[in-house]
Each structure stands twice: as structure tokens, then as C-alpha cells.
Amino acid sequence: MLEICNLCAGVEGNPILKNLNLQVNAGEVHAIMGPNGSGKSTLAQVLAGRSDYEVTGGTVLFNGADLLEMKPEDRARAGLFLAFQYPVEIPGVNSTSFLKAALNECRKARGQEELDAVEFLALVKKKTKLLELDPALLSRSVNEGFSGGEKKRNEIFQMAVLEPRLAILDETDSGLDIDALKIVAGGVNKLRRPDNATLVITHYQRLLNYIVPDIVHVLMQGRIVRTGGKELALELEARGYDWLLETAASNANP
Amino acid sequence: MIDTLKQPKASPAPEPAAIIPSDSDQQRVQVVLDAFANADADGFPPWLRTIRGAARAQAGRIGFPTTRQEEWKFTNMAPVLQLPLHPAEKGSAKITRQDIARFSFGLDAHRLVFVDGHFCANLCSLPDEDNDLQLGNLLGQLAGDSPDVEKNLARHADSNANFFTALNTAFFQDGAFVSIAAGKTAAKPVHLLFIGASEQPGATALSRNLILAQRGARLKVIESHVSLSDAARLTNTVTELVLGPGADVEHCKVQQESGRAFHIASIQAVQAGDSRWISHSIATGSRLARNQIQTLLNAGGAAAVLNGLYLGDAEQLIDHHTVVDHARAHCESHEFYHGILADRAHGVFNGKIFVRQDAQKTNAKQTNRNLLLSDNAVIDTKPQLEIFADDVKCTHGAAIGQLSDEAAFYLRSRGIGAEQARRMLIQAFASDVIERIGIEPVRTRLEQMLAERFDPAKE
């Protein structure tokens with residue numbers, strides 16, 4: 001589904017991702033862990049198409065298409081979804097009409113009928129239950145005045161409505177208390193299907209107790225330095241990242 | 001919603017204006033005054049003729065404003081003087097109810113209609129005989145004996161310093177008179193519709209409105225200015241509002257004149273204790289528009305809300321000068337202006353707040369935010385607080401920015417196209433002001449107007 005090959009990217013001339021390779025197949029859950037500044041969020045933003053980051057090399061195929069050539073909206077319509085680490089507040093843009101417009105753009109791109117207001121509200125009702133999200137939030141402006149936890153829950157709610165092929169969760173656990181974490185993780189798990197995939201970016205192992213990954217990658221200094229099963233996450237929790245630094249350094253200067 | 005720069009960006013010093021009123025232009029002012037003098041109505045009562053005579057003399061003394069004057073620094077009025085100014089004639093256009101239906105906001109209202117400044121009884125929708133709500137044209141009132149008119153007309157708007165207000169006082173043709181009795185609530189909003197229809201360049205409509213709300217009365221007024229012609233006309237309108245104790249008045253001015261029209265408006269409210277005035281100024285039309293919106297908070301408990309939205313594109317210049325005068329203690333004012341400027345449009349916002357020595361416990365807040373959609377759009381924003389009391393709470397803020405890339409990216413990352421995302425953000429910025437309007441059909445129509453204005457398919 002997603003094939004990242006020798007991806008290099010940076011911001012204002014500073015390289016951040018250096019020859020990153022990653023392959024995600026349908027039905028899989030991958031976790032990317034790594035210390036601060038290793039490039040985790042950069043990877044998420046580059047995949048979503050944020051223009052602040054400059055891609056300087058490599059390729060990314062998404063279901064066979066050249067992802068890097070696509071506009072952000074086309075990536076979303078093709079089924080890529082980023083749950084933001086810091087969802088932005090957009091005063092004046094109503095949550096419900098925003099999401100309805102977004103869903104219908106995605107549906108159009110997939111050759112599906114657009115939903116009318118009644119159908120959309122029925123869908124919303126179903127999905128808010130899944131995330132135990134207060135429906136009153138949806139009558140407000142996008143993320144405006146939401147608590148940290150509500151913002152994160154709203155991200156996963158949007159994901160539930162848009163039903164992406166590949167969901168990238170960028171530090172979705174940060175700022176969540178344990179109850180909210182369980183709800184969010186429960187939502188993500190219920191959305192798992194054999195034909196979609198999830199890329200969970202996280203700092204801590206905690207989230208991975210609830211969203212159990214098939215594969216864990218360690219991202220350091222802009223590249224994947226180790227890949228393993230879910231037990232790798234536990235090892236990182238116990239030992240930290242320092243022991244992998246040597247690997248990172250030797251990979252950087254082959 | 002907008003990326004705010006740390007400091008309001010002062011625009012570079014204005015380049016020397018292409019046309020500056022010269023001494024000979026000032027002589028032309030006399031010619032203009034003479035042109036209007038011929039049209040002076042003779043039927044006015046003596047007290048008003050005295051006021052008009054004094055205002056005419058004062059207009060001559062003040063002279064035509066120039067950018068050398070602080071009040072007109074950013075707004076060059078000289079192009080107005082290039083017009084062959086003359087009072088617009090009556091009946092210069094045959095207008096039917098059908099022609100004006102689209103200006104009604106779909107609103108069930110009492111409606112007074114003026115074409116080129118002249119009252120058109122046949123286009124109005126007036127209530128049946130109603131002792132609580134008096135509604136009609138000012139000339140009608142002046143023909144009879146009206147102590148309320150004599151007590152208030154031309155007693156509040158300042159003809160001493162402002163040339164255009166003096167000009168209006170000296171020569172106004174007609175206008176609306178609205179008066180609601182103590183303790184009464186108007187069952188329907190009142191719509192004052194001013195239509196520019198003359199095809200004559202320089203045709204000038206001088207409208208004068210007087211709105212009186214007695215003790216505890218409640219009233220909503222929409223004052224809208226539109227064009228049926230594309231001529232370079234001039235509108236010079238003055239509205240005086242007098243709010244008795246506890247009165248509650250919402251006044252929504254909507255200016256959508258044609259792109260070649262010139263529009264000069266002055267609104268002066270005077271508020272008694274515990275009264276509440278909500279003013280909206282929605283300005284989207286005309287080549288050059290100057291709005292002077294002022295209120296005097298004259299007794300404790302008075303509250304004023306001044307909302308504004310100006311949308312400019314092409315070469316438009318839209319200027320708002322507001323004055324909130326806290327003359328007495330325990331009053332409150334909230335001011336909230338948004339500007340959206342595209343192309344080479346120029347916006348001016350000057351917000352004065354006076355807090356007089358007696359006005360302790362004043363609470364005054366002012367915000368002006370501007371969205372510049374092009375590199376060539378300019379905004380001059382200037383908060384101006386003069387505080388002479390020591391126990392007050394006054395805040396002000398001005399911001400200038402562009403559409404937030406972060407917000408646009410968020411919308412796009414969900415599948416919304418770049419252009420639609422841009423439009424959603426512009427509309428959101430404008431809606432922040434529009435949604436404060438308390439007259440639902442007006443709000444809805446304005447939202448639609450905004451959607452059309454920023455729809456690229458229409459360009």
C-alpha cells in the first residue's frame with residue numbers, strides 16, 4: 001500500500017529525513033517510535049503533503065501512485081489520512097459542514113454518491129458513538145475551544161467518517177489521559193479492516209498496549225535504524241534509545 | 001484564523017496623492033455650495049433654516065478635506081471634487097417594486113424607499129396607522145409641527161468639524177424619520193432603502209435620517225444603500241439616533257453601491273442611561289466609501305456595540321472612522337471590525353475611544369483584524385485611545401495577516417480543494433462579524449452575498 005524508498009526531506013535546507021525506507025501493506029499496523037527530533041512528525045507531514053517541508057530525494061508510492069506528485073487534497077481523496085499531533089483551531093468554519101464537504105469530496109473522487117444532509121447526520125451519529133464524542137462539539141467551529149483530549153478524539157472521529165485506506169496517527173496519545181487513550185485506541189481498533197492500514201507514530205510504548213502493532217520501527221536521525229515485532233517497543237521502553245545510536249551512526253556513514 | 005504579525009504593519013507613508021485639492025479646488029467648493037444652494041427647500045421651518053444657513057457657512061469655513069488633515073490622512077477625497085456635483089433630481093428614474101425586490105433581504109419589514117435622495121411613497125411598505133411606531137419621510141414631519149424633530153434634528157451630528165456633515169445639514173433633500181414610543185417594541189424591523197438610480201455623473205443624494213427610541217423602546221433598523229445605475233454618483237448621508245433611557249436599538253447599515261459610486265456616511269448615536277445600541281456597518285460597494293460612526297455614551301449603564309465588515313477589491317477604498325465617547329461612568333463599549341482586502345484595495349480603520357474625566361469604571365474594548373489577500377492591498381489601521389479617567393478598563397488590538405497556511409493545509413488534508421479551502425477561510429473570517437447581526441434574513445442574505453463574492457467561478 002505504501003512504499004517509501006530512500007526518502008530525503010528537510011526544512012529550509014536542513015535535512016531531516018535521510019534515505020528513509022518503509023513499506024506498509026494492507027491490513028497491517030506499523031508503529032514508528034523514536035526520540036524527539038528524529039523526524040517522526042516530519043515524515044507524517046511530508047506524507048500528508050505539507051509544503052513547508054522540501055522533499056529532496058526518494059520516492060513514495062501510495063497504492064501504486066506517486067504520492068509526492070499529489071496535492072494534499074488528492075492524497076486525502078485517495079485515502080490517506082493524517083491525525084494531526086496539534087490539530088489547528090479554525091474559528092468560523094463549522095465542524096459539521098467542513099466534514100460533510102470533506103467526505104463528499106472524498107466520495108466523489110471514489111466514484112460514490114455524495115451524501116445528503118440526512119444521510120450524513122446519520123453517519124455522524126453512528127461515528128460519534130464509536131468515539132464517545134459529544135455531538136455538541138460538532139456544532140462548533142473546527143477544534144475551536146476543544147480541550148486537548150477532545151481535539152485528539154475529533155481527529156479519530158474524522159478518520160472514522162472518512163474511512164481512509166492509510167491512517168497516520170501522529171502522537172495521537174500525547175495529551176490524553178488513560179481513559180481517553182482507551183477510547184481513542186478502541187476506535188482505531190474497530191476501524192481496522194483487512195484492506196486498510198495504520199501507521200502509529202508515538203513516543204511511548206503506552207499507546208501500543210491498546211493499538212497492538214504488527215511491526216515496530218525505530219526512527220533515529222532521519223532513518224529507520226531497527227525494525228522488529230511488538231516486543232521491540234517493550235525493549236525500547238526498558239532500555240531507551242541510546243543503545244541504538246551506534247547503529248544509527250554506522251548506517252549514516254556506510 | 002489569520003497569521004498575525006507581531007506588530008500591526010504600518011503602511012509606508014502615503015505617496016503624494018495624484019490629485020490634491022488645491023486652492024483653486026477650494027474655490028470650487030464655493031461653486032459646489034452654490035450649486036446646492038439653489039436646490040434648498042423653502043418649505044422648512046424657520047429654526048431649521050437658521051441651522052442650515054449656519055451649516056452652509058461652516059462648510060465654507062471648513063473647506064474640502066485634504067490628506068494634510070489628520071482625519072483624512074489616508075483617504076484622498078479629491079476625486080469627489082472632480083465630479084460635476086449637483087443635487088440629484090427627483091424622478092430621474094422610473095422604478096417599480098419589481099426593480100427593488102432584490103434589495104429587500106427577503107425581509108418582512110416596514111420599508112421606506114428613497115431614490116436619489118427623494119422619498120418614493122409608491123415603493124414603501126408602511127404600517128397601518130400606528131401610534132407606537134411613527135414612520136415616514138422627514139419632509140413630511142417638517143411640514144407639520146413636530147417638537148421631537150425640532151429638538152433632535154441636526155442637534156447631534158457634528159457639523160462644526162466635518163465638511164460633509166455640514167454639507168448634508170445645509171442641503172439635505174429628505175430622509176427617514178423613525179420614532180418608537182416609550183416601552184414599545186417594533187413588531188417588524190424597519191428597512192430604510194436608499195437607491196442610487198441617476199445616470200448623471202456627479203448626481204448627489206443628500207439624505208438625512210432621524211431615529212428616535214424613547215425610554216425602554218426596542219427597534220431594529222436596516223439602512224441599506226444600493227445602486228441601479230453605474231454612474232459616478234455621490235451619496236452623502238447622515239443618520240442621527242437618539243436612544244432614551246433603557247432603549248435598545250440595533251442599526252445595521254449595508255453599503256453595496258456600484259463600483260463607480262462615492263459614498264460618504266455619518267452616523268451619530270446619543271445614548272441615555274442603560275440604553276443599548278448595536279451598530280453594524282457592512283461595506284462592500286462603491287469606489288470610495290467613508291463611514292463616520294460615532295456614539296456618545298451619555299449616562300451610566302449605556303452600552304454600545306460597534307461591528308463592522310469591509311470587503312474591498314479592485315481599486316476600492318473603504319474607510320471607517322469610529323468614535324466611542326465615554327462621557328459618563330459605568331458605560332461599556334465593544335468594537336469589532338474585520339476587513340478583507342484583495343487586489344489593490346485600500347482599507348482604513350481609525351477607532352477613537354474617548355474616556356472623559358467623569359467616566360470612571362468604563363469598560364471599552366476594540367478589535368480590528370484585517371485579511372490581506374494580495375500583496376498590493378493596503379490597510380491603514382489606527383486605534384486611538386484618549387483616556388482622562390483613572391479607573392477604567394480599555395483594551396485595543398489591531399491585526400493584519402494573510403490566510404493561515406496551517407488552517408488551509410488542515411482543510412486540504414481532509415480532501416477539500418485548495419480554492420474551496422481558501423474560500424471557507426475567508427468566509428469564516430467575514431462570518432465572525434455577520435453572525436452578530438440580529439436580523440436573521442439579513443444575516444442569511446449577506447452570507448450568500450459573501451459566498452458569491454468569493455466564488456472564483458463568478459470572476
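In the predicted model, helix α3(A) passes helix α5(A) in a right-handed crossing. The two helices span residues 95-109 and 148-162 of chain A, respectively, and their axes come within 10 Å and cross at roughly 35°. On the α3(A) side the contact is formed by L99(A), A102(A), L103(A) and C106(A), and on the α5(A) side by Q158(A), V161(A) and L162(A). Sorted by class, these residues comprise 6 nonpolar, 1 polar and no charged.

Chain A also contains an open sheet of 4 strands in the order β2-β1-β4-β5, with antiparallel pairing. Strands β2 (14-24) and β5 (65-66) of chain A occupy the edges; each has a single partner strand, so one side of each lacks a neighbour in the sheet. Strand β4 (residues 54-62) of chain A is joined to β5(A) by 2 bridges, and the two strands run antiparallel. Within this pairing, L61(A) stands opposite D66(A) of β5(A). Helix α1 (residues 40-48) of chain A packs on the sheet and touches β1 (2-11), β2 and β4 of chain A. The direction of α1(A) makes about 75° with that of β2(A).

Edge strand β2 of chain A includes N19(A). This residue has a positive phi of about 55° although it is not a glycine. N19(A) has 17 other C-beta atoms within 10 Å and is therefore partly exposed. A positive phi, of about 60°, is also found at A154(B), likewise not a glycine. A154(B) lies in the loop between α6 (147-152) and α7 (163-171) of chain B. With 23 C-beta neighbours inside 10 Å, against a cut-off of 20 or more, A154(B) counts as buried.

Strand β7 (residues 90-94) of chain A contains I90(A). This residue is buried, because 24 other C-beta atoms lie within 10 Å. The C-alpha atoms of I90(A) and V142(A) are separated by 5.2 Å, although the two residues are 52 residues apart along the chain.

In chain B, strand β19 (residues 363-372) is mostly covered, with 7 of its 10 residues buried. β19(B) pairs in the parallel sense with strand β17 (residues 332-341) of chain B over 10 bridges, and with strand β21 (residues 393-403) of chain B, also in the parallel sense, over 9 bridges. In the pairing with β17(B), N370(B) of β19(B) is the bridge partner of G339(B). In the pairing with β21(B), L371(B) has G401(B) as its bridge partner.

The largest nonpolar core has 195 residues. Those with the most contacts inside this core are L47(A), F81(A), A83(A), L166(A), I168(A), A213(B) and L243(B). Helix α9 (residues 418-434) of chain B gives the most to the core, contributing 8 residues. L166(A), when neighbours within four places in sequence are left aside, is in contact with M1(A), L2(A), V24(A), G79(A), L80(A), F81(A), N196(A), A197(A) and L199(A).

Between the two chains, 18 residues of chain B are in contact with 20 residues of chain A. On the side of chain B that touches chain A, the elements giving two or more residues are α8 (405-412) and α9 of chain B. The residues on this side of chain B divide into 10 nonpolar, 4 polar and 4 charged.

Terms used: Residues are numbered from 1 along each chain as its sequence is written. Chains are lettered from A and ligands numbered from 1 in the order in which they are written. This is a predicted model: local features need pLDDT of at least 70, side-chain atom pairs count only at pLDDT 80 or more; totals for chains, interfaces and linings use all residues. Two strands pair if DSSP finds at least two bridges between them. Two residues are in contact if their C-beta atoms, placed from the backbone, lie within 7 Å. Axes are lines fitted to C-alpha atoms, for helices over the stretch in contact, and angles run from 0 to 180 degrees between N-to-C directions. A nonpolar core is a set of buried Ala, Val, Leu, Ile, Met, Phe, Trp, Tyr and Cys residues joined through C-beta atoms within 7 Å. A residue is buried if 20 or more other C-beta atoms lie within 10 Å of its own, exposed if 12 or fewer, and partly exposed in between; C-beta atoms are placed from the backbone. Ala, Val, Leu, Ile, Met, Phe, Trp, Tyr, Cys and Pro count as nonpolar, Asp, Glu, Lys and Arg as charged, and the others, Gly among them, as polar. A crossing is left-handed if the near helix is turned anticlockwise from the far one by less than a right angle, and right-handed if clockwise.
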